[in-house]
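Colleague: Got a few minutes to walk me through this model? I have short questions and will jump around.

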Amino acid sequence: MSEPAIVQRAIDGLGRRLAKRLTQSLFLALALLAALGTTGFALAKTEITFWYAWGGSEGEQVEELIAEYNASQDEVEVRGSFVPIGDGERILASLAGGAPPDLLTVWDWMVVPLGASGSLLDLSAELAEAGIGEEDYLPGIWQYGSYKGAKYGLPTTLNVYAFIWNKDVFEEAGLDPEAPPRTIEELDALAEKMTVIDRRGNLRRLGFYPNVTSIYFYAFGGQLYDPETLEVTLDHPRNIAALEWLGDYYEKYDINLIRRFQAGWGNPASPFNPFYRGQIAMQEGGQWEVRFTHEYAPDLDWGVTTFPAPEGGRPNVAPVQSSFWVVPAEAAHKKEALEFLLWLTAPEQSAGFAAELANIPPRQDALEMPEFAQTVTPHMQTFIDILLEGYVFTPPGLPVGLYLSQQLNQAVVSVQEGEATAKEALETAQQNVLHELEKYR
């Protein structure tokens, strides 16, 4: 073989080796790129922690939402955990310890106290930047969870109370089942006709069972506080009138007799609910009764309407309660948590989640979404109409909101026990709350 041929063969051989090496390098590079495409980006995602408050099928719905969000983008991975909303100690410990989750769920009464103490992020600027405002929410809901201009959370879904009556009991008592009371006087008369006491003096049926005192304060024309001035108004004259009326009721039917009767009541979320069994003819009830009656009392004939009110009172009160999603001030990934929160509370997600819980979505547009609209029964529509057209009120948005509720309960007990008049009990509660409120001024 000539020298040039030898050189050419060497060059060819070098070329083949180089080509082989290049091919190997290219293969490795492609493999690396493929790996980056499947796992490398996932490792680069920011992981945020989310404590939600629902187990069972409701928790599964939350996990489905989390999975949908995680699949919708490549920057954030949400890790959800079921932490019961009643586990307040764990929630507060995480906030106090400086290592909270990035997003968590709390009761409505916790929002303002935690926010005013600096534990929660004020969402006002971010919500404004995202173009979300009062017009996006149902009437009376936007200020819920706010305090002195700061908005500390967004409601998950809404519970609204209304007046419900057992039509079967009305018929049994010879009354028109389609004619619920519209005034306090009518309510008193119907309650008397349907209350049954046996020959041994035991209650067999309560014509009416008032349980949520604040509803009647508002129905009588009073209020617990002024949401505009934040002035506490427990001793409002109309509140006193309402508590006097309740006091007369407890005296007439004997609070101790009522308590003994209550001891035999079954679990509300079961077929042994006293309203389903005809042990109570009229009471307050939330929109959850739509699902509960479907599951536990499918044959029950019942109605829902607005609360009766006295002359000069407020006839269309719509009491609302909710849990909230909040971002801790010490959250490690506030920006990512906010973006997830905005997605979670958008109409599409809000509609589906509210339908799963048999609650009402807080967003206007969510009411029309098929995920929710297709689940609305005539009973549920009445609850929605009461919320849309009524006088909406929520638990007091004050740093002492829980203390105020406790004082109100104490005032009711004092009246029930005959230890104080309605006026004395509410004036005492008013002074105690004002004293407590001084700590925050």
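Colleague: Which residue stands opposite Val-106 in β11?

Modeller: Phe-324 does. Bear in mind that this is a predicted model.

Colleague: And what is the bridge partner of Trp-107 in β11?

Modeller: That one is Ser-323. Both pairs belong to the match between strand β3, residues 103-107, and β11. The two strands pair in the antiparallel sense, over 4 bridges.

Colleague: Is β3 enclosed or open?

Modeller: Largely enclosed by the rest of the structure, because 4 of its 5 residues are buried.

Colleague: Which other strand pairs with β3?

Modeller: Strand β1, residues 46-52. The sense there is parallel, with 2 bridges. Phe-50 stands opposite Leu-103 of β3.

Colleague: Back to β11. How many of its residues are buried?

Modeller: 9 of 10, so the strand, residues 317-326, is mostly covered, because buried means under 20% relative accessible area.

Colleague: How many bridges join β6 to β11?

Modeller: 5, and the two strands run antiparallel. β6 covers residues 154-166. Leu-158 has Ser-322 as its bridge partner in β11.

Colleague: What about β12: parallel or antiparallel to β11?

Modeller: Parallel, with 3 bridges. β12 is residues 391-393. Ala-318 stands opposite Val-392 in β12.

Colleague: New topic. How many cavities of 30 Å³ or more are there?

Modeller: The count comes to 2. The largest has a volume of about 50 Å³. The second largest holds about 40 Å³.

Colleague: What lines the largest cavity?

Modeller: Asp-108, Trp-109, Val-112, Pro-113, Tyr-144, Gly-145, Pro-395, Pro-396, Gly-397 and Leu-398. By class, that lining has 7 nonpolar, 2 polar and 1 charged residues.

Colleague: And which residues line the second largest cavity?

Modeller: Among them are Tyr-137, Pro-155, Thr-156, Trp-325, Phe-353 and Arg-363. The lining divides into 6 nonpolar, 3 polar and 1 charged.

Colleague: Which elements each supply at least two residues of that second largest cavity lining?

Modeller: β6 and α13, the latter being residues 347-357. β6 also pairs with β11.

Colleague: Pockets next. How much space lies in the second largest pocket?

Modeller: About 520 Å³. The lining of that pocket is made of 24 residues. Those nearest the centre are Gly-140, Gln-143, Tyr-225, Pro-227 and Thr-394.

Colleague: Where does the largest share of that second largest pocket lining come from?

Modeller: From β12, with 3 residues. β4, residues 146-147, also supplies at least two.

Colleague: How does the second largest pocket lining divide into nonpolar, polar and charged?

Modeller: 13 nonpolar, 9 polar and 2 charged.

Colleague: On to helices. Which residues are buried in α10?

Modeller: Ile-255, Leu-257, Ile-258 and Phe-261. Seen down the axis of α10, its buried residues fall within an arc of 160°, so they line one face of the helix.

Colleague: Why would residues three or four places apart point the same way?

Modeller: Because an α-helix has 3.6 residues a turn.

Colleague: What covers the buried residues of α10?

Modeller: The cover includes β7 at 196-197, β8 at 203-205, α9 at 237-253, and α16.

Colleague: Asp-254, then. Where does that residue lie?

Modeller: In the loop between α9 and α10.

Colleague: Why does Asp-254 count as partly exposed?

Modeller: Because its relative accessibility is 34%, and partly exposed runs between the 20% limit for buried and the 50% limit for exposed.

Colleague: How far apart are Asp-254 and Ala-411?

Modeller: 17 Å in space, C-alpha to C-alpha. In sequence they are 157 residues apart.

Colleague: Last one. Where is Gln-407 found?

Modeller: In helix α16, residues 401-416. α16 is also among the elements covering the buried residues of α10.

Colleague: Is Gln-407 buried or exposed?

Modeller: Buried, because its relative accessible area is 14% and the cut-off is under 20%.

Colleague: What does Gln-407 touch, not counting residues up to four places away in sequence?

Modeller: Ala-429, Asn-432 and Val-433.

Colleague: Thanks, that covers my list.

Definitions and conventions
Residues are numbered from 1 along each chain as its sequence is written. This is a predicted model: local features need pLDDT of at least 70, side-chain atom pairs count only at pLDDT 80 or more; totals for chains, interfaces and linings use all residues. Side-chain values use heavy atoms; hydrogens and water are left out. Buried means under 20% relative accessible area, exposed over 50%, partly exposed in between (1.4 Å probe, protein chains only). Two strands pair if DSSP finds at least two bridges between them. Contact means heavy atoms within 4.5 Å. On a 1 Å grid over the protein atoms alone, a cavity is a set of points where a 1.4 Å probe fits but cannot get out, and a pocket is an open set with protein on both sides within 12 Å along at least five of seven lines; lining residues have an atom within 4 Å of a point. Grid points are joined across faces, edges and corners, and a volume is the space filled by probe spheres set on the points. Ala, Val, Leu, Ile, Met, Phe, Trp, Tyr, Cys and Pro count as nonpolar, Asp, Glu, Lys and Arg as charged, and the others, Gly among them, as polar. The arc is that of the directions from the helix axis to the C-beta atoms.
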